[in-house]
Amino acid sequence: MILISTIDIVRTSLGGTGKLLPVAILIICAFAAFWLFPYDLGFLTQMLIMMVFVVSFDLILGYAGVATLGHAAMYGCGAYAAGLFAIHASPDPLLGLAVGAVIGALIAFFSGLLLMRAHGLSLLMLSIAITMVLQEIASKARDVTGGADGLSGISMTPILGVFEFDFIGKTAFWYAFSVLFIILVVLRVLVASPFGLALRGIKDSPSRMRAIGTPVYWRKVTAYVIGGTIAGIAGALSAQITSLVSVEAFNFALSADVMVMLILGGAGRLYGALIGTLVFMTVRHVAASIDPFNWLFVIGFMLLAVVFFLPDGLISLPRRVAGMIGARK
Amino acid sequence: MTSGLRIRNLSKNFGGLQVARNITLDIPTGARAALIGPNGAGKTTFANLIIGALQPSSGSIHLDGKDISQLAEAARVRAGIAKTFQITNLFKDLSVRDNIRLPILEREHRTFRFLERHDGDAAIEAEVEELLADFRLLPLANRLVRSLAYGQQRLVELALTLSLKPRILILDEPAAGVPSSDSHLIVDAIKRLPTDLSVLIIEHDMKLVFEVASRIIVLVNGAVLVEGTPEEISRDLRVRELYLGAGHG
Amino acid sequence: MTVALSIVVDGIAYGMILFMISVGLSVTMGLMRIVNLAHGGFAMLGGACAHVLTMRYGVPFVPALAASVIAVIVIAIPLERLVYRHIYRFSELEQVLATIGIVFVMIATVNLFLGSTLLPIRMPPEVSIPINLGFKVLPLHRLIVIVVGLLMVTGLYLLVERTRFGIFLRAAVDNQNTAASLGIDTPKVYLAAFALGAGLAAVGGILGAELLPIEAYYPLRYMVLFLIVVTVGGMGSIVGSFIAALGLGILDTAGRYLLPDVGTIFFFLAIIALLALRPNGLLVRPS
Ligand SMILES: Nc1ncnc2c1ncn2[C@@H]1O[C@H](COP(=O)(O)OP(=O)(O)OP(=O)(O)O)[C@@H](O)[C@H]1O
Ligand SMILES: [Mg+2]
């Protein structure tokens with residue numbers, strides 16, 4: 001009964017065929033990538049995990065307008081939680097995801113209580129500092145986390161008891177894709193809800209939101225917890241699929257990359273996050289395999305180009321080009 | 001128990017600058033009051049103190065006998081106070097329709113719902129359309145607020161605030177920036193307001209003040225200079241001097 | 001007791017370096033309201049330049065220092081004119097991204113010419129002469145750093161409080177529009193402040209190379225540290241930056257001495273507490 005009403009809600013939320021088009025494209029792309037790049041499944045899976053992570057940040061930055069540089073905090077904690085859970089409690093992947101989600105939510109809640117009161121530079125610095133503290137704890141608690149060597153020895157039982165993780169990574173690919181897909185559907189519903197509209201209101205004008213009676217702080221904490229839950233899931237996925245968690249999961253560079261990918265693709269649109277991740281990771285993959293250092297030239301100039309010429313991200317490119325052609329006429 | 005707003009000895013300092021001095025005022029239910037005074041008199045500050053966007057340095061505010069001085073702004077709004085902003089403060093990247101819809105959803109305590117569509121409730125949608133029609137905003141309903149002319153944004157500002165259905169309404173210079181061809185929309189809207197609603201209108205335009213207000217409070221340098229009916233105020237020598245001196249005519 | 005004094009002296013030397021590098025960042029962030037993550041890049045460029053001059057061409061340290069600082073200023077001026085001038089108008093988030101982009105380009109440039117290894121700077125041998133302070137033996141270098149830091153804060157204080165430039169700068173910090181209406185050429189003031197900040201960062205980068213070694217990834221590695229100094233000190237406040245830099249220098253040093261295992265955790269927890277209580281910096285009460 002509940003299931004049916006949920007499906008109904010999802011169906012009405014997704015609306016007509018026009019809105020189903022991106023979903024169809026997404027599925028087609030997944031199949032195409034799967035068939036076209038059979039030797040790059042590992043990389044593709046990494047990309048899918050990163051998409052989950054970036055899309056979770058989109059809710060916080062793109063919708064609620066809260067700019068942090070510490071999103072890796074929830075990712076890292078989710079990864080360690082899922083890794084430790086697999087080693088010490090149960091090797092079931094879905095249970096592990098749930099544990100990652102819960103830990104991500106808890107970290108986001110407690111850090112969010114502090115962070116969502118801050119603004120601007122203080123907020124950036126606080127979010128960095130919290131992630132640094134977590135990273136230091138993870139690297140010092142050697143007995144539990146393996147310290148700088150990382151947490152290894154994570155093994156998984158088949159998903160739902162049926163789909164065994166294989167050597168080539170086919171199962172991992174479809175596992176990551178399914179998680180991404182479900183999360184996208186959930187987020188599509190969420191951003192179309194009254195709550196989603198309120199988040200966009202907060203991004204536009206927190207002072208006006210207060211003046212219409214919104215407890216802005218608690219809304220932001222809620223959004224942060226939802227984003228943190230999904231980031232925790234992304235971390236857990238990564239731990240389960242790579243069978244390894246290292247303290248680098250908390251790296252500042254990871255938080256920065258996530259922000260870059262999101263802005264590159266276009267914030268506040270969900271699909272922008274996917275496009276940004278796709279482009280960023282592909283360019284990095286290709287450029288880094290040619291010359292690891294010149295990659296920084298590429299990404300540096302790419303960032304400047306986007307900020308200067310394409311502030312709404314790559315997802316706005318077709319519209320911008322169309323606009324320019326239209327203006328010429 | 002008095003119904004309406006009861007303000008006692010309200011003061012506010014910004015550092016050394018005292019912008020509200022011992023303001024004591026009653027705005028009973030159904031009042032049509034106007035707050036006038038020269039630029040920098042502290043009118044906007046007073047409005048912000050009432051709604052809770054600013055915390056007073058001292059003094060108390062009661063709504064229907066209940067002390068709301070300690071409540072946060074959002075809680076006061078939920079208790080029935082609403083205000084427009086002197087400088088338009090809207091959701092610029094949302095459509096006009098969403099700008100009206102969002103406060104209604106908030107008023108109906110729905111913004112903590114995650115699974116339904118924000119435009120899925122027929123009653124709320126009908127209310128949105130009605131408000132849009134009242135302010136002649138229907139043709140602009142799907143435009144982003146950012147793309148509207150300032151005068152049009154002023155109308156959205158008023159429509160948005162009214163959509164909260166407050167019991168106490170503070171209007172901070174609602175007509176400033178509205179082209180004169182549209183200013184009757186604002187006067188009409190104020191005149192249409194339910195009679196059990198209290199209105200405090202801050203305005204420089206005396207014509208508008210005399211048209212809607214039955215009481216006038218004159219604020220100078222953060223303190224109430226005089227309070228009275230429009231006739232009393234227009235006869236008051238101090239006020240005349242102030243306004244002729246300040247060049248407001 | 002001697003431990004405490006050691007911590008204080010080492011912490012002050014470290015703090016002076018942090019101050020030199022960060023103060024320009026603080027002034028530009030406060031003045032132009034720009035989140036400039038690329039500021040540490042000027043310290044690195046200064047250091048890289050001094051490395052090339054002293055190690056490859058055998059230039060003595062002091063002329064190399066002067067030449068490097070001038071070189072950095074010469075780089076900073078067109079960068080401000082051509083790139084930063086536009087970044088001022090951006091939203092905070094876009095500033096973060098644009099200046100991260102600049103950091104990446106700086107790293108890649110230094111890496112292209114000098115590689116990714118450490119870039120040592122040759123100093124005259126005299127600087128390692130041990131000086132006995134009674135409670136502690138200190139290399140001369142540390143004392144020089146402390147003295148230069150003190151000179152710098154005094155000089156900046158006088159510059160801002162006593163000169164026409166200082167008046168213009170303060171006016172522009174307080175209110176851009178008023179400053180412009182008073183006939184102050186704010187773009188020029190900006191340019192001067194930016195170039196000055198870059199030059200100071202170069203001095204700090206070179207003198208501090210013993211503590212914060214120069215290499216291509218320097219601006220990214222220490223970015224958070226410099227930003228923390230500015231945030232804790234309060235943007236735009238020279239005195240605030242000075243107090244914050246010394247305080248954080250001592251705090252970090254104390255953490256390393258007393259709690260070698262959890263020093264970093266302790267340091268960042270202290271930062272979190274400070275920022276939670278004083279979000280606009282040490283000297284500004286939350287409103
Ligand atoms: N946040 C603040 N900090 C310091 N001073 C303030 C602040 N807000 C307002 N003021 C000062 O308080 C005084 C009163 O301002 P306020 O905006 O309340 O006046 P007003 O009567 O609404 O004027 P106007 O008719 O121009 O709208 C002014 O001198 C203003 O400069
Ligand atoms: Mg006002």
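Select strand E3 (residues 32–36) and strand E9 (residues 215–220) of chain B: the two pair in the parallel sense over four bridges. Strands and helices here are DSSP runs numbered from the N terminus, with at least two residues for a strand (E) and at least four for a helix (H or I); two strands pair if DSSP finds at least two bridges between them. Within this pair, Ala33(B) has Arg215(B) of E9(B) as its bridge partner.

The model is predicted, with local features requiring pLDDT of at least 70 and side-chain atom pairs counting only at pLDDT 80 or more, while totals for chains, interfaces and linings use all residues. Residues are numbered from 1 along each chain as its sequence is written, chains are lettered from A and ligands numbered from 1 in the order in which they are written, and side-chain values use heavy atoms, leaving out hydrogens and water.

**The six-stranded sheet**

Extend the selection to the open sheet of chain B, whose six strands follow the order E6-E7-E8-E3-E9-E10 with mixed pairing. At its edges stand strand E6 (81–83) and strand E10 (223–228) of chain B, each pairing on one side only. On average, neighbouring strands of this sheet are turned by 20° against each other, direction ignored.

Next, display helix H1 of chain B, which lies across E3, E6, strand E7 (168–172), strand E8 (198–202) and E9 of chain B and runs at about 150° to E6(B). Helix H5 (residues 150–162) of chain B also packs on the sheet, where it touches E6 and E7 of chain B and makes about 165° with the direction of E7(B). Contact means heavy atoms within 4.5 Å; axes are lines fitted to C-alpha atoms, for helices over the stretch in contact, and angles run from 0 to 180 degrees between N-to-C directions.

**The four-stranded sheet**

Now select the open sheet of four strands in chain B, ordered E2-E1-E4-E5 with antiparallel pairing. E2 and E5 of chain B each have a single partner strand, so one side of each is left without a neighbour in the sheet. E1(B) and E2(B) are joined in the antiparallel sense by eight bridges, and Gly4(B) has Pro28(B) of E2(B) as its bridge partner. H1(B) packs on this sheet too, touching E1, E2 and E4 of chain B, with its direction at about 120° to that of E1(B).

Move to strand E1 (residues 4–14) and strand E4 (residues 58–63) of chain B, an antiparallel pair with five bridges. Here Leu5(B) is matched with Leu63(B) in E4(B) as bridge partner. Leu63(B) has a further bridge partner, Lys66(B), in E5(B). The hairpin of E4(B) and E5(B) has two residues between the strands, and Asp64(B) takes a positive phi near 50°.

**Ligand 1**

Centre the view on ligand 1, which 14 residues surround; the closest are Gly40(B), Lys43(B), Thr44(B), Thr45(B) and Gln86(B). A residue belongs to this shell if one of its heavy atoms lies within 4 Å of the ligand. The shell comprises five nonpolar, seven polar and two charged residues. H1(B) supplies the largest share, three residues.

Which side-chain atoms lie 2.7 Å or 2.8 Å from an oxygen atom of ligand 1? A polar side-chain atom of Thr44(B) lies at 2.7 Å, and an N or O atom in the side chain of Gln86(B) at 2.8 Å. For Asn39(B), the distance from a polar side-chain atom to an oxygen atom of ligand 1 is 2.9 Å.

**Chains**

Finally, show every chain: of the two pairs of chains in contact, chains A and B share the most contacts. No contact joins chain B and chain C, whose closest C-alpha atoms lie 10 Å apart.

How values were computed: Polar contact = N/O pair within 3.5 Å; in protein donor to acceptor, adjacent residues only side chain to side chain. Nonpolar A, V, L, I, M, F, W, Y, C, P; charged D, E, K, R; others polar.
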